[in-house]
Amino acid sequence: MNTLSDASPRSRTPSEAARDGTDPAARFIGHGAWRAGLGYGLLGLPLAFVALPLYVVLPNHYARSFAAPLAALGAVLLAARLFDAVLDPWIGRWVDRLFARSHRAVLGAGAVAAAVLALGLWGLMFPPEAVHAAGTVVLLSWAGLLMALTYTAYSIASVAHQAWGARLGGSEPQRSRVVAWREGLALVGVLIAAVLPGTLGLGATVGAFAVLLALGWWAWSRSVVPLAGDSVHREVIDGRSPLRQPAFVRLLLVFVVNGTASAVPATLVLFFVQDRLQAPAALEPAFLGLYFLFAALSLPLWLRLVGRIGLARSWLVGMALSIAAFVWTTTLGTGDSTAFLIICALSGIALGTDLALPGALLTGLLGELGERGRREGAYLGWWNFAAKLNLALAAGLALPLLALFGYAPGARDEAALQSLSIAYGLLPCALKLLAAAGLYLLVIRRPAASPLTAPTPLKAHP
């Protein structure tokens, strides 16, 4: 059934639904829940799929295929990514304006963003011959402009899709299932993207992405529709900055520290595998594949735990498991590939909480702050900005520290390798421990009413 034509859920406002338990997210539990989950979550697959070519494959492709100088290429990549990150809060506010018009306006913007994203990826991977022949400056100018456009389209599609899920509301188990469908299918996208470029080539990869993106948008257009905002708020989409909401800032702080703890090993993993473990190159895909596979398999288990102890405490358990598993890496040395595979599996299980639970916590907080159906995009814009900031913080923290302590790629000196083990294993555990303390003290221990600062009353536009 096409839920877009289902008029009944559109007749209720979020506040009314919250009172009588008829939030759209209720359809993600019980009979037919898989249809609701697949309909909303499928777009998460291509959006995660494209992140690997954009952020991992592209730099190597330009360096090897077009002989782009690494320093100049790095500067272009940094500028494009900073531009993308800074735009996210603005994109979030614009998405709120689209929701204030109608959900069809959001779907229309998503369709345009998807088309630009597919064309932009093709143009980046296969620049015209005239551009390539014109020299490095023209080639990198082409790449920089196209990356800025492509990253912007990616951010629009991502923020709109996430805001849609946040507006579905629901109880903690319901919200966690909404996010788990999106993030679980995103993990499938990462696994596919990790395999396709090396097996079928970049052309097939871009083509497969375009097909998956079209299918994801089609499923999204037929998925469970969020309720319209309360009538008093439909024209009120500005208001105070999300960063002036103490409860949001506390949760965002935990999210940033925890995300940086995960991004540090993601930045250093290939150095650790190649120099500390000296593992065969053929095992590198196995390490990453096992990590993401176990993250996907763990999601149903974490969702059951959420039903028992709640979102925040389940996330805390995941953090504890991550620390217990990952601290083991500091004891590894040359040839310990089997032990590292076990660590990848265990830390992958812990990753399941990082994927599904923080977003569900944010959705619940928006409801408590009275922002549901009004300003999800503004909050998710800052949330995505923070997620991108994690990668920059990881590189800015870990790489200089390694250089300071004498490590360089290809090192075999024991002191340098020990520095690598500390940066790869102990630093993330310390950050994860700090995030766990923040989650307990700033989120879990606070009484239900105290973390929330009621929004300043807003005046509707004339």
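A disulfide is a pair of cysteine sulfur atoms within 2.5 Å. This predicted model holds zero of them. So where do its cysteines sit? Here are two of them, together with a valine we'll come back to.

| Residue | Relative accessible area | Status |
|---|---|---|
| Val 254 | 2% | buried |
| Cys 344 | 7% | buried |
| Cys 429 | 7% | buried |

**Two packed helices**

Next up is a pair of helices. Two packed helices are described by the angle between their axes and the distance between the axes. Helix H10 covers residues 246-276 and helix H13 covers residues 337-368; their axes lie 12 Å apart and make an angle of about 155 degrees. Angles over 145 degrees count as roughly antiparallel, so that's the label H10 and H13 get. Their crossing is left-handed.

Who touches whom? From H10, the residues involved include Phe 248, Leu 251, Phe 255 and Phe 272, while the H13 side includes Phe 340, Pro 358, Leu 361 and Leu 365. Sorted by class, the contact has twelve nonpolar residues, two polar ones and one charged one.

**Back to the valine**

Val 254 belongs to helix H10. With just 2% relative accessible area, Val 254 falls under the 20% cut-off, so it counts as buried. Which residues does Val 254 contact, leaving aside its neighbours within four places in sequence? They are Trp 315, Met 319, Ala 435, Gly 438 and Leu 439. Ala 437 is worth finding too: it is 183 residues from Val 254 along the chain, yet their C-alpha atoms are separated by 8.8 Å.

Definitions and conventions
Residues numbered from 1 in each chain as written. Predicted model: local features only at pLDDT ≥ 70, side-chain atom pairs only at ≥ 80, totals over all residues. Heavy atoms only, no water. Axes fitted to C-alpha atoms, helices over the stretch in contact; angles between N-to-C directions. Helix = DSSP H or I, 4+ residues; strand = E, 2+ residues; numbered from the N terminus. Parallel < 35°, antiparallel > 145°, perpendicular 65-115°, else oblique. Left-handed = near helix turned anticlockwise from the far one by under 90°. Contact = heavy atoms within 4.5 Å. Nonpolar A, V, L, I, M, F, W, Y, C, P; charged D, E, K, R; others polar. Buried < 20%, exposed > 50% of the residue type's maximum accessible area, 1.4 Å probe, protein only.
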